[in-house]
Amino acid sequence: RLAIFDVSNPNSISARGFISTTNIDNLKDVYVSGKFAYTVSDGSSVDALAIFDISNPDAIVARGAITTNLDSPRAVHVVGNYAYVASAGNNTLAIFDVSDPDNIVAKDTITTNLNSPRSIFVSGQYAYLVNGQSGALRIYDIANPDDIVAKGIVSDNILNNNSGLFVSGRYAYVAKGTALTIYDISNPESITTLGSLSSTGSVGGPTKMVVLGKYLYLTNDSSSADNFSVY
């Protein structure tokens, strides 16, 4: 299900509305933009991108959904009228026009240099993806949603089995296993590896991260480290 919580009082979180529909099965990611929430599911019954109207937090309303070009989608990022989805099952980056939340339209897809992508981040005219299997950080030019263009790529052992990604300015932050690495992405044709932290036990199975100012906030889902860390 998709659920909303009131966190205006950080000492007393309260549950608000929730929804469970046929387009939600084994939810992998959610992205909120304006009055809409965008989810991707890879359950046994559906591989879908679905949109929900969350303008009334006590009564979530299901809007459009689409399964085209999706196979085990892992992550979604929305900018303006477009949703960008990374699918691990068919190794694709897919773009969808979500300007009409009741009628999602599939645009271009690309498989170049993708191998089980797990995370996606969109900034400006570029989409950044990390592969779970081949261990790569990849950049794509998405200025034209009908023609995705592959740009730079970096691959190293640090990137193997990664699942956390965040982009801020000229830097991309990637987390996997027990490693956290920063890359310079100022030149989309040539990614440069910068600092790396590879010996901390506080990074278990990284799931989500956010960078604000000089700090990075990371959640882990691992049998050895279920925690929330700050760097």
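## Ser-41 and strand E4

Ser-41 belongs to strand E4, which runs over residues 36-42. In this predicted model, Ser-41 has a relative accessible area of 0% and is therefore buried, the cut-off for that class being under 20%. The side chain of Ser-41 makes a polar contact with the backbone oxygen of Asn-23, at 3.4 Å.

Asn-23 also appears among the residues that Ser-41 touches once those up to four places away in sequence are set aside. The list continues with Ile-24, Asp-25, Asn-26 and Leu-27, then Val-46, Asp-47 and Ala-48, and ends with Pro-73.

## The sheet E3-E4-E5-E6

Strand E4 is part of an open sheet of 4 strands, ordered E3-E4-E5-E6, with antiparallel pairing. The edges are taken by strand E3 (27-33) and strand E6 (61-66); each has a single partner strand, so one side of each has no neighbour in the sheet. From one strand to the next, the twist averages 20°.

At the E6 end, strand E5 (residues 47-53) pairs with E6 over 4 bridges in the antiparallel sense. One of the residues involved is Asp-53, whose bridge partner in E6 is Val-61. In general, the strands of a sheet pair through backbone hydrogen bonds, and the pairing is either parallel or antiparallel.

## The sheet E11-E12-E13-E14

Another open sheet holds 4 strands in the order E11-E12-E13-E14, and its pairing is antiparallel. Strand E11 (117-123) and strand E14 (149-155) are the edge strands; because each has a single partner strand, one side of each is left without a neighbour in the sheet. Neighbouring strands here are turned against each other by 20° on average, with direction ignored.

Inside this sheet, strand E12 (residues 126-131) and strand E13 (residues 136-141) are paired in the antiparallel sense over 5 bridges. Tyr-128 has Ile-139 in E13 as its bridge partner.

## His-77 in strand E7

His-77 sits in strand E7 (residues 73-79). Its relative accessible area is 6%, so His-77 counts as buried, a class that requires a value under 20%. A polar atom of the His-77 side chain lies 3.5 Å from the backbone nitrogen of Val-122.

Val-122 is also in the contact list of His-77, which leaves aside neighbours within four places in sequence. Ile-120 and Phe-121 are in that list too, as are Tyr-31, Tyr-82, Ala-83 and Tyr-84. Strand E11 spans 117-123, a range that takes in Val-122.

## Loop residues with positive phi

Most residues other than glycine have a negative phi. Asn-91 is not a glycine, yet its phi is positive, at about 55°. Asn-91 is placed in the loop between strand E8 (82-87) and strand E9 (92-97). With a relative accessible area of 23%, Asn-91 is partly exposed.

Ser-116 likewise has a positive phi, of about 60°, and is not a glycine. The loop that holds Ser-116 joins strand E10 (105-110) and E11. Ser-116 has 12% relative accessibility and so counts as buried, since that value is under 20%.

## Tyr-215 and the end of the chain

Tyr-215 lies in strand E20, residues 215-220. At 40% relative accessibility, Tyr-215 counts as partly exposed because the value falls between the 20% and 50% limits.

The C-alpha atoms of Tyr-215 and Tyr-231 are 5.5 Å apart, although the two residues are separated by 16 residues along the chain. Tyr-231 is also in contact with Tyr-215, together with Val-210 and Val-230, when residues up to four places away in sequence are not counted.

## Charges and rings

Two arginines have their charged ends over aromatic rings. For Arg-1 the ring is that of Phe-18, with the charged end 4.0 Å from the ring centre. For Arg-138 the ring is that of Tyr-140, at 5.4 Å from its centre. As for pairs of aromatic rings, the structure holds 1.

## The chain as a whole

The chain has 21 strands and 0 helices. Of its 231 residues, 46% count as buried. Among contacts in the chain with a separation of 6 or more, 38% are between residues 24 or more positions apart.

Key: Residues numbered from 1 in each chain as written. Predicted model: local features only at pLDDT ≥ 70, side-chain atom pairs only at ≥ 80, totals over all residues. Heavy atoms only, no water. Phe/Tyr/Trp six-rings, centres within 6.5 Å; stacked < 30°, edge-to-face > 60°. Lys NZ or Arg CZ within 6 Å of the ring centre and 35° of its normal. Helix = DSSP H or I, 4+ residues; strand = E, 2+ residues; numbered from the N terminus. Buried < 20%, exposed > 50% of the residue type's maximum accessible area, 1.4 Å probe, protein only. Polar contact = N/O pair within 3.5 Å; in protein donor to acceptor, adjacent residues only side chain to side chain. Contact = heavy atoms within 4.5 Å. Pairing = 2+ DSSP bridges. Axes fitted to C-alpha atoms, helices over the stretch in contact; angles between N-to-C directions.
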